[in-house]
Amino acid sequence: MSIVSVKNLTHYYGDKLVFKDIDFRLLRSERVGLVGPNGAGKSTLLKILTGMILPDDGTIEWLPNIRVGFLEQHTELLEGLSIRDYLRNAFQHLYKLEEEMLDISRKMETCNEEELTRLLNRFAHIQELLDHHNFYFLDAKMDDIANGLGIQALGMETDVSSLSGGQRTKLLLANLLLKEPDILLLDEPTNYLDVAHIEWLKDYLRNYPNSFILISHDVDFMNEVVNVIYHLENFQLTRYLGDYNKFMETYEFRRQQQLIAYGRQREEIQKLENYIQKNKARASTTKQARSREKKLMKMERIEKPDITPKPRFYFKVNVRATSKIIETKQLEVGYETPLLPPISVILKRGDKVAVTGHNGIGKSTMLKTIMGELKPHSGTIEFGQYVKPSYFAQEESMESELTPLEYIWAMHEKMTQKEIRRALAQAGLKKDQVFQPLKSLSGGEQTRVRLCQLMLEDSNWLILDEPTNHLDAVAKEVLANALSQYDGTVLLVSHEPEFFQDWVTDIWNLEEWKGNKS
């Protein structure tokens with residue numbers, strides 16, 4: 001039986017077609033990986049399924065009483081709420097029932113016999129509901145999920161508004177998993193998660209009793225947890241059985257077959273057109289020419305497979321820095337209190353360093369302090385001569401009406417429109433995406449715009465905070481290759497060892513630093 005049936009779903013963003021006439025049925029126990037190039041409409045499709053966005057056409061029919069849980073990429077958390085209270089909100093209706101039951105207990109002490117019978121019946125009904133939902137095991141369930149995602153280490157009384165991007169992701173995910181809905185809609189759940197917590201989530205989803213649809217650019221993660229692939233590309237959705245690797249085998253075979261069929265049909269069309277052009281005017285061959293013309297008109301044209309542009313990231317060094325890029329002496333970073341022990345390190349020209357450690361340990365804070373966005377608690381930072389850093393922040397608002405062309409042009413006024421469009425194309429953006437508002441682009445497309453800006457900057461030191469979030473597998477591979485060939489210095493924060501392990505020269509593990517110096 002289908003949990004949800006989607007028929008002829010069509011959606012536009014402004015005048016841009018996102019997808020057209022897509023159909024699918026999600027069955028119980030199916031674990032779906034929703035894949036496709038950046039900007040294909042994956043996040044939009046999930047939001048349409050939740051009702052957050054209305055489609056332009058088509059129908060969505062849910063099985064009655066289905067509970068849908070949605071993890072989106074960006075959600076604000078209100079100030080004044082503790083982590084514990086936020087997680088308890090997942091069972092707010094059960095806690096209210098418990099309060100009612102306690103109130104009934106108090107009322108039974110002074111009520112008459114008739115009222116007592118009514119109260120006892122209500123008390124028994126509530127008790128049955130709480131038992132059915134395993135209410136008295138909720139704290140254990142909450143602890144298990146909070147531990148698995150590393151939330152308890154943050155302090156359960158911590159205000160949710162003070163959490164970092166990665167910590168918010170963990171909290172939103174924990175709240176969603178606690179509810180255990182009939183279908184999970186997960187949009188990049190591994191973004192900002194540590195390696196250990198990704199492993200925990202992998203095990204959790206393997207054993208999840210219900211269905212889910214997962215968007216993720218982490219191929220290894222997806223291969224472990226899905227059994228069906230929905231591929232969204234060229235405005236259409238195609239269903240494949242199996243994991244991501246199986247899908248890629250089938251997809252590549254089908255694409256090659258379509259290319260061959262397209263090429264053969266183009267040859268046949270060319271022959272028919274040449275024959276018609278040469279023979280239509282001759283009296284002796286007019287009949288044959290018209291016959292071929294009818295055949296040409298009736299022919300069902302094979303679409304040429306649309307090839308998503310592959311980015312060509314390249315970072316140049318215009319000015320050579322001195323041998324020492326930066327030296328810190330007893331540097332303490334943090335907010336109200338230091339997050340890490342005093343840091344004394346030297347980064348030399350040509351070093352390519354990955355900074356690792358669990359979320360909240362201080363990786364982004366350290367980068368922001370080095371860049372001057374935060375004041376150090378104590379200690380010093382000394383830069384070498386001719387050092388020109390370029391900074392890619394983990395979180396940067398792109399909710400702008402500016403187009404990518406206007407955004408880049410505002411920072412590089414001397415460039416021509418042709419030069420900027422060429423740079424954006426090199427970053428992997430299509431022609432129509434160059435003229436769309438930044439806020440309408442997907443997370444992956446926005447990242448490509450920011451990386452384009454990085455390529456155009458005059459720098460010799462790249463400071464990158466989680467640059468692979470939202471990038472698809474192809475773009476990640478190209479970016480890793482570009483950084484490995486970069487002549488300058490790199491300081492990188494990343495939760496993906498497979499992205500950097502083949503080209504970095506050193507790893508600064510902040511967990512080891514904290515352990516050794518605590």
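**A walk through the chain, starting at Asp 103**

Let's start with one residue: Asp 103 is partly exposed, with a relative accessible area of 29%. Keep in mind as you look around that this is a predicted model. What does Asp 103 pair with? Its side chain meets that of Lys 107 in a salt bridge, with N and O 3.4 Å apart. Side chains of opposite charge can pair when their charged atoms come close. Here the two partners both sit in helix α3, 4 residues apart, which is about one turn of the helix. Lys 107 is partly exposed too, at 44% relative accessible area. There's a third member of this little group: Asp 103, Arg 106 and Lys 107 are linked in a network of salt bridges.

Stay in this part of the chain and look for Glu 100. Its side chain forms a salt bridge with that of Arg 122, at 2.8 Å from N to O. This one links distant parts of the chain, since Glu 100 belongs to helix α3 (residues 92-107) and Arg 122 to helix α4, 22 residues apart. Are the two partners buried or exposed? Neither, quite: Glu 100 counts as partly exposed because its relative accessibility is 31%, and Arg 122 counts as partly exposed at 30%. Helix α4 covers residues 113-132, and Leu 120 lies in it as well. With 42% relative accessibility, Leu 120 is another partly exposed residue. Try finding Met 101 from there: Leu 120 and Met 101 are 19 residues apart in sequence, and their C-alpha atoms are 9.8 Å apart in space.

Now zoom out to the whole chain. It has 518 residues, and 47% of them are buried. The secondary structure adds up to 17 helices and 17 strands, and the C-alpha atoms fill a box of roughly 110 × 75 × 40 Å along the principal axes. If you take the contacts with a separation of 6 or more, 71% of them are between residues 24 or more positions apart. How is the chain divided? There are domain 1 (1-67 + 181-242), domain 2 (76-179), domain 3 (247-298) and domain 4 (324-509).

Let's see how domain 1 and domain 2 meet. Their C-alpha centres lie 29 Å apart, and 13 residues of domain 1 are in contact with 13 residues of domain 2. The size of an interface is often given as the accessible area lost when the parts come together. For this pair, that comes to about 1100 Å², with 73% of it on carbon and sulfur atoms. On the domain 1 side, Tyr 192, His 197 and Trp 200 lose the most area to domain 2, together 42% of what that side buries. What about charges across this interface? The rule finds 0 salt bridges there, though there are 4 residue pairs in polar contact. The elements giving two or more residues to the domain 1 side are β6 (183-187) and α7 (195-206), and α7 gives the most, with 4 residues. By class, that side has 9 nonpolar, 2 polar and 2 charged residues.

The loop between β6 and α7 holds Pro 189. With a relative accessible area of 0%, Pro 189 counts as buried. Apart from neighbours within four places in sequence, its contacts include Leu 71, Thr 169 and Leu 173. The C-alpha atom of Pro 189 is also 7.2 Å from that of Ser 216, which is 27 residues away along the chain.

Our last stop is in domain 4 (324-509). Most residues other than glycine have a negative phi, and most peptide bonds are trans. Two residues here go the other way: Gln 330 has a positive phi near 50°, and His 470 has a positive phi near 80°. Gln 330 is in strand β10 (residues 324-332) and is partly exposed at 48% relative accessibility. His 470, in the loop between β15 (461-465) and α15 (473-485), is buried, with a relative accessible area of 11%.

That loop also takes part in a salt bridge. Arg 448 pairs with Asp 472, with the closest N and O atoms 3.1 Å apart. Arg 448 is in helix α14 (residues 443-456) and Asp 472 is in the loop between β15 and α15, 24 residues apart. Buried or exposed? Arg 448 is buried because its relative accessibility is 3%, and Asp 472 is buried at 11%.

Technical notes: Residues numbered from 1 in each chain as written. Predicted model: local features only at pLDDT ≥ 70, side-chain atom pairs only at ≥ 80, totals over all residues. Heavy atoms only, no water. Domains from an automatic or database assignment. Contact = heavy atoms within 4.5 Å. Buried area = accessible area lost by both parts, 1.4 Å probe. Salt bridge = Lys/Arg side-chain N within 4 Å of Asp/Glu carboxyl O. Polar contact = N/O pair within 3.5 Å; in protein donor to acceptor, adjacent residues only side chain to side chain. Nonpolar A, V, L, I, M, F, W, Y, C, P; charged D, E, K, R; others polar. Buried < 20%, exposed > 50% of the residue type's maximum accessible area, 1.4 Å probe, protein only.
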